[in-house]
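Q: Please give me a close look at one part of this model. I am new to it, so start with the whole and then go to the detail.
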Amino acid sequence: MTRPATHPAPAADRPSTATAPTSAEASVAAASLPPLPALPPSLRVERHGPVAVLRLARPAKRNALDDATVLGLEAFFAAPPADVRAVVLDAEGDHFCAGLDLSELSESDTFAGLRHSRMWHRAFSRIERGDVPVVAVLKGAVVGGGLELACAAHIRVAEPSTFYALPEGQRGLFVGGGASVRVPRLIGVHRMADMMLTGRVVDAADGQALGLSQYLTGAGEGLGHALELAGRIADNAAISNFAVLQALPRIAQANPDEGYLLESLMAAVASGSDEAKTRMRAFLDGRAGKVGRS
């Protein structure tokens with residue numbers, strides 16, 4: 001059922017001119033890197049130095065998520081290669097993900113449906129609360145379960161073709177992959193209710209204004225910009241990335257007194273690391289760049 005997937009990639013606030021490495025460059029780089037985990041055929045992965053690109057590979061189904069794909073996502077993010085410092089979540093074809101593969105729905109009982117939903121929660125939590133920052137490249141349909149998957153990533157880069165929808169209400173369903181927790185944090189309960197009650201489709205520009213994406217690029221520029229961002233992220237101190245992924249969400253959800261204490265503890269841990277001391281020394285010695293407009 002599984003096989004190693006090491007296939008090369010197919011050919012912001014402001015659009016990026018960054019381009020993805022060529023297939024030849026990716027092949028040369030991959031040859032010197034540790035082996036990648038085995039994945040189902042619906043997922044493909046490649047390496048760009050410390051960045052892994054994990055790609056949904058069901059374009060004929062608009063990358064709809066079946067159980068094998070969701071379990072493959074869980075397996076990858078449960079144990080990514082040790083030297084991977086960031087992941088770009090991409091998709092083949094014109095669409096990021098059109099949601100749950102409805103052809104897999106069966107006459108299952110209520111308890112089976114509950115367990116299926118919890119499996120999605122577990123898999124997507126591996127992404128959101130995992131060890132590596134994740135940048136998602138959005139295009140075309142980001143619908144239902146596709147939006148749930150996108151919202152589990154830490155940064156979302158959208159191309160102009162992107163559109164968002166939560167059509168579960170029109171199909172007699174309710175979201176089950178974490179949308180009712182993650183989407184309101186981004187856009188508010190009232191906006192999510194509008195999408196579910198009316199079937200409203202949100203385009204790329206409105207989605208960025210609402211907070212569904214952080215970057216909006218030109219057509220075909222999403223992957224290049226995501227790789228550029230992931231490269232910057234991979235260059236951060238490991239302890240800082242850990243703090244952003246593990247401490248920041250908990251601080252944001254805590255009451256203020258507990259949040260301030262946790263912030264102080266995390267700040268002390270980070271600043272006490274050898275890497276932080278080395279980087280601060282470089283900055284004070286004038287060997288590190290100052291913050292400025294890009």
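What does the accessible surface of the chain come to, and what share of it belongs to carbon and sulfur atoms? Then, in the open sheet of six strands, in what order do the strands lie?

A: The accessible surface of the chain comes to about 14,900 Å², and 57% of that belongs to carbon and sulfur atoms. Such areas come from the Shrake-Rupley method with a 1.4 Å probe, and for residues only the protein chains shown count as cover. This is a predicted model: local features need pLDDT of at least 70, side-chain atom pairs need 80 or more, and totals for chains, interfaces and linings use all residues. Residues are numbered from 1 along each chain as its sequence is written, and side-chain values use heavy atoms, without hydrogens or water.

The chain has 294 residues, and 45% of them count as buried (under 20% relative accessible area; exposed is over 50%, partly exposed in between). It holds eleven helices and eleven strands. These are DSSP runs numbered from the N terminus, with at least four residues for a helix (H or I) and at least two for a strand (E).

Now the sheet. Its six strands lie in the order E3-E4-E5-E6-E8-E11. The sheet is open, and its pairing is mixed. Two strands pair if DSSP finds at least two bridges between them. Strand E3 (43–48) is at one edge and strand E11 (215–216) is at the other. Each of these edge strands pairs on one side only.

Walk across from E4. Strands E4 and E5 run parallel, joined by six bridges. There, Ala52 stands opposite Val87 in E5. Next comes E6. Strand E5 (residues 86–91) and strand E6 (residues 134–138) also run parallel, with three bridges between them. Val88 faces Val135 of E6 in this pairing.

How well covered is E5? Six of its six residues are buried. Ala86, Val88 and Asp90 lie on one side. Val87, Leu89 and Ala91 lie on the other. In a regular strand the side chains alternate between the two faces of the sheet. Both faces of E5 are covered.

Move on to E8. Four bridges join E6 to E8, and the two strands run parallel. Leu138 stands opposite Ala158 of E8. Like the residues of E5, those listed for E8 are buried on both faces. Ile155 and Val157 take one side of E8, while Arg156 and Ala158 take the other. The charged name in that set, Arg156, is buried too.

Then comes the E11 edge. Strands E8 and E11 pair in the parallel sense, over two bridges. Ala158 has Leu216 as its bridge partner in E11. Ala158 therefore appears twice in this walk, opposite Leu138 and as the partner of Leu216, and each pairing rests on DSSP bridges.

A helix lies against this sheet. Helix H8 (residues 222–234) packs on it and touches E3, strand E4 (51–56), E5, E6, strand E8 (155–158) and E11. Touching means contact, with heavy atoms within 4.5 Å. The direction of H8 makes about 165° with that of E5. Axes are lines fitted to C-alpha atoms, for helices over the stretch in contact, and angles run from 0 to 180 degrees between N-to-C directions.

Other parts of the chain give some setting. A further open sheet has three strands in the order E7-E9-E10, again with mixed pairing. Strand E7 (141–143) and strand E10 (202–203) stand at its edges, each with a single partner strand, so one side of each lacks a neighbour in the sheet. Strand E9 (residues 163–165) runs antiparallel to E10, over two bridges. Tyr164 has Val202 as its bridge partner in E10. Helix H4 packs on this sheet, touching E7 and E9, at about 90° to the direction of E7.

H4 (residues 145–152) also meets helix H5: their axes come within 9 Å and cross at roughly 65°. On the H4 side the contact is made by Leu147, Glu148, Cys151 and Ala152. On the H5 side it is made by Ala179, Arg182, Val183 and Leu186.

Ile187 belongs to H5 (residues 179–187). Ile187 counts as buried because its relative accessibility is 3%. Beyond its neighbours within four places in sequence, Ile187 is in contact with Met192, Met195, Leu210 and Leu212. Leu210 is 23 residues from Ile187 along the chain, yet their C-alpha atoms are separated by 5.6 Å.

How values were computed: Buried means under 20% relative accessible area, exposed over 50%, partly exposed in between (1.4 Å probe, protein chains only).
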